[in-house]
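Me: I've got a model open and I'd like to learn how to read it feature by feature. Can you walk me through it?

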Amino acid sequence: MEENYKIENYERFLGEFKEHGSHWDKIEKRTATLFQVLIDGDLKELVFVLKYYPKYIEIVCDHFRYLYNYSAQEADIFAASKLLELSEGYHQKQFVRNLVRKLEKIDELDISLLNKFLDNLLKNQTKLHPIILNFYKNEIERNIGNNNYHKLQIKVIEKNLSKLIVDDSFDFSANDRDANLDIPYMD
């Protein structure tokens with residue numbers, strides 16, 4: 001996943017880091033801009049930088065909370081999983097909700113593409129974070145409910161869905177203190 005990134009290309013943008021203060025006071029403007037650009041991308045570069053500079057993980061999670069997703073760039077599912085793994089302990093609901101909003105949309109997939117997508121999830125589930133697997137399990141169930149698929153097709157999908165190892169303890173609902181950060185046009 002690291003491709004050909006060089007940490008030197010990012011270090012000049014990483015300014016002074018303060019341990020105390022509010023979110024925006026902890027980092028310099030150029031650092032905040034760097035992270036905004038990396039968040040707007042496919043997240044591969046973001047994960048690369050955070051591996052070398054883990055002190056910014058909490059800042060990035062906070063930054064994600066206020067993300068308005070100006071970029072149409074979808075997140076790489078493996079990079080998103082790695083970000084969730086790196087950020088254990090900082091999983092505010094709004095951070096996770098904004099992260100999964102960046103993932104590939106599956107609501108328009110027909111039954112054959114949906115099956116293929118689910119097969120790919122099953123094949124790679126050891127590489128994917130359980131929260132992402134749960135998110136897609138819910139999205140696939142929603143897709144099934146919103147479409148008029150044959151009962152046998154649904155049974156095949158449901159059988160495969162039961163093989164996913166998910167973290168269903170995470171509540172994706174917006175009934176938390178960050179709910180006012182949800183932006184209606186994002187859903």
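Me: Let's start with one side chain. Leaving aside neighbours within four places in sequence, which residues is leucine 121 in contact with?

Reply: Skipping those sequence neighbours shows who comes in from elsewhere in the chain. This is a predicted model, and in it leucine 121 touches Ile77, Leu128, Leu133, Tyr136, Ile140 and Leu164.

Me: Which residues have the most contacts inside the largest nonpolar core?

Reply: Leu121 is one of them, along with Leu46 and Ile140, in a core of 55 residues. To see how such a core is assembled, ask which elements feed it. Two or more residues each come from H2, H3, H4, H5, H6, H7, H8 and H9. The top contributor is H8, which supplies seven.

Me: What is the overall make-up of the chain, in helices and strands?

Reply: Nine helices and zero strands, so to speak an α-only run from the N terminus on. Of the 187 residues, 48% are buried. For contacts, look at sequence separation too: among those between residues at least 6 apart, 76% join residues at least 24 apart.

Me: Now a helix pair. At what angle do H5 and H8 pack, and how far apart are their axes?

Reply: The angle is about 130 degrees and the axes are 8 Å apart. Angles over 145 would count as roughly antiparallel and 65 to 115 as roughly perpendicular; H5 and H8 are therefore oblique to each other.

Me: Which residues meet there, H5 against H8?

Reply: First, the general idea: an α-helix has 3.6 residues a turn, so residues three or four places apart point the same way. On the H5 side you'll find Ile77, Ala80, Ser81 and Leu84, and they meet Ile131, Ile132 and Tyr136 of H8. Sorted by class, this contact has six nonpolar residues, one polar and no charged ones.

Me: What about burial of a whole helix? How many of the nine residues of H6 are buried?

Reply: Nine of the nine, so H6 is largely enclosed by the rest of the structure. Don't assume a buried list is purely greasy: this one includes Lys93, Gln94, Arg97, Asn98 and Arg101, next to residues such as Phe95 and Leu99. Their packing partners are H4, H5 and H8.

Me: And H4, how many of its nine residues are buried?

Reply: Eight of the nine, so H4 too is largely enclosed by the rest of the structure. Among the buried ones are Ile57, Cys61, Asp62, His63, Phe64 and Arg65. These buried residues pack against H2, H3, H5 and H6.

Me: Backbone next. What is the phi of leucine 43?

Reply: The background is that most residues other than glycine have a negative phi. Leucine 43 has a positive one, about 80 degrees, although it is not a glycine. You'll find leucine 43 in the loop between H2 and H3, and it is buried, with a relative accessible area of 0%.

Me: Last one: which elements have the lowest and highest mean pLDDT?

Reply: H4 has the lowest, at 85, and H5 the highest, at 96. For the chain, the mean is 84, with 84% of residues reaching 70 or more. The stretch to treat differently is 183–187, where pLDDT is below 50; beyond near neighbours in sequence, it has six contacts in the model. Where pLDDT is low, the predicted coordinates should not be read in detail.

Terms used
Residues numbered from 1 in each chain as written. Heavy atoms only, no water. Core = buried A, V, L, I, M, F, W, Y, C linked by side-chain atoms within 4.5 Å. Buried < 20%, exposed > 50% of the residue type's maximum accessible area, 1.4 Å probe, protein only. Helix = DSSP H or I, 4+ residues; strand = E, 2+ residues; numbered from the N terminus. Contact = heavy atoms within 4.5 Å. Axes fitted to C-alpha atoms, helices over the stretch in contact; angles between N-to-C directions. Parallel < 35°, antiparallel > 145°, perpendicular 65-115°, else oblique. Nonpolar A, V, L, I, M, F, W, Y, C, P; charged D, E, K, R; others polar. pLDDT = per-residue confidence, 0-100.
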